[in-house]
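Thank you all for coming; I would like to walk you through one model this morning. Please have the sequence and the structure open while I talk.

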Amino acid sequence: MKIFLSWSPVPPDPPFWKWLKLDGIVVSIGLLKQENLLERATLRGLHEFLEFDGLIFLDSGSYEDFIADKKLRPKTPEELLALAEWLDVDFVAHSDIPFVGKNKTLPEEEKWRLLEQNILNAKIAYNWAKTRSNRPCVVYVIQGWNQESLQYCCEALAKLNANYYALGSLLGLQPDEIVKRVCLVREIIREKPKLHLFAVSNPCVISKVRHLIDSIDSSTASISGAMKEIMTPYGGRKNINKVKRRINCDCPVCKKYGGAIFLQGRKGKQNYYNQLRKVHNAYHLIKKLEKFK
């Protein structure tokens, strides 16, 4: 099982790969556009631009669009795929439509219309991929808001006989429901294709589905670090103001800077300490998840 860390330029995440050994990162094309980095990245390729030689998984930007109404994702499936090719990434999610944010509250009829659009976008991506080499590898994202819709979408995408699928719209679901959905998807796509889980790093979930999945990604390290939380070597997260004593930590940040992860920093320097916390958290997150590999 490969572990991808979400890397965001908004606010800037640290270059985790300069501190830690990573399988790969997930980068949203929408956030690259938001920070006006996309044009520069396409000129050089995202690997060279970020100085990262691991795997890069390009997200379609749909999550930000539907959660925060940013309207930053490429306008067509073809535009997304062309940009992914220019960026020279390893994987790209097809132009999917997740059922998060405002999409969760839509009428059933509208949800089914969006699901059909998701399936059509996957077919467009599949036809595009047939005319290209194996890079970038298109990952076809299975979406749904309940078991019926998830099964319908999964059965439609399974007919593509693709090499890599992903499961989306898992935000806010209970662990048992996530496990149930993973089992359903794996039963439909069968054993051969790879399966990625978007934004799932709960050890309770991973321990139950690790034999069914091939990769996951997580933004937990970044989010918690920005919220002034640290992950402890013993599990759990604590706000820096509630930690009563210095922890014994072997992460590269604590080895180099001692207790810097507990500092908030003066105005203008707070992001610096947030970044140190993010690296610290990423170290412990990966260490915990590697037990399930």
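**Two helix pairs and a few unusual backbone positions**

Let me begin with a single residue: D88 is partly exposed, its relative accessible area being 38%, and that value falls between the 20% below which a residue counts as buried and the 50% above which it counts as exposed. I should say at once that this is a predicted model, so please take every value I quote as computed from it. D88 sits in the loop that runs between α5 (77-87) and β4 (91-93), and what drew my attention to D88 is its phi, which is near 60° and thus positive although the residue is not a glycine.

There is a second residue of this kind, N36, which is likewise not a glycine and has a positive phi near 60°. N36 is placed in the loop between α1 (29-34) and α2 (38-44), and because its relative accessibility is 62%, N36 counts as exposed. The peptide bond between V10 and P11 also deserves a look, since it is cis, with omega at about -20°; P11 belongs to the loop between β1 (2-6) and β2 (24-28). The reason for singling out such positions is that most residues other than glycine have a negative phi, and most peptide bonds are trans.

Let me step back to the chain as a whole. It holds 12 helices and 10 strands, and its C-alpha trace spans about 55 × 45 × 35 Å along the principal axes. For 293 residues, a compact globule would be expected to have a radius of gyration near 19 Å, and the chain, at 19 Å, agrees with that. Of these 293 residues, 54% count as buried, and if we take the contacts between residues at least 6 apart in sequence, 66% of them join residues at least 24 apart.

One of the residues in the interior is L32, which lies in helix α1 and counts as buried because its relative accessibility is 0%. Which residues does L32 touch, once its neighbours within four places in sequence are left aside? They are P9, V27, L37, L38 and L46. By way of contrast, the C-alpha atom of L32 is separated by 33 Å from that of Q147, which is 115 residues away along the chain.

Q147 brings me to the helix pairs, because it is part of the contact between α7 and α8. Helix α7 (residues 147-158) packs against helix α8 (residues 175-189) at an angle of about 30°, and their axes are 9 Å apart; the two are therefore roughly parallel to each other. The crossing of α7 past α8 is right-handed. On the α7 side the contact is made by Q147, L150, Q151, C154, E155 and A158, and on the α8 side by K180, R181, L184, V185, I188 and I189. By class, these residues divide into 7 nonpolar, 2 polar and 3 charged.

The other pair is α5 with helix α6 (residues 108-130), which pack at an angle of about 40° with their axes 9 Å apart, so that these helices are oblique to each other. Their crossing is right-handed, and the contact involves P77, E78, L81 and E85 from α5 together with N121, I124, A125 and W128 from α6. Here the division is 5 nonpolar, 1 polar and 2 charged.

I will stop there and take comments.

Terms used:
Residues are numbered from 1 along each chain as its sequence is written. This is a predicted model: local features need pLDDT of at least 70, side-chain atom pairs count only at pLDDT 80 or more; totals for chains, interfaces and linings use all residues. Side-chain values use heavy atoms; hydrogens and water are left out. Axes are lines fitted to C-alpha atoms, for helices over the stretch in contact, and angles run from 0 to 180 degrees between N-to-C directions. Helices (H or I, at least four residues) and strands (E, at least two) are DSSP runs, numbered from the N terminus. Angles under 35 degrees count as roughly parallel, over 145 as roughly antiparallel, 65 to 115 as roughly perpendicular and the rest as oblique. A crossing is left-handed if the near helix is turned anticlockwise from the far one by less than a right angle, and right-handed if clockwise. Contact means heavy atoms within 4.5 Å. Ala, Val, Leu, Ile, Met, Phe, Trp, Tyr, Cys and Pro count as nonpolar, Asp, Glu, Lys and Arg as charged, and the others, Gly among them, as polar. The radius of gyration is taken over C-alpha atoms; the globule rule is 2.2 Å times the number of residues to the power 0.38. Buried means under 20% relative accessible area, exposed over 50%, partly exposed in between (1.4 Å probe, protein chains only).
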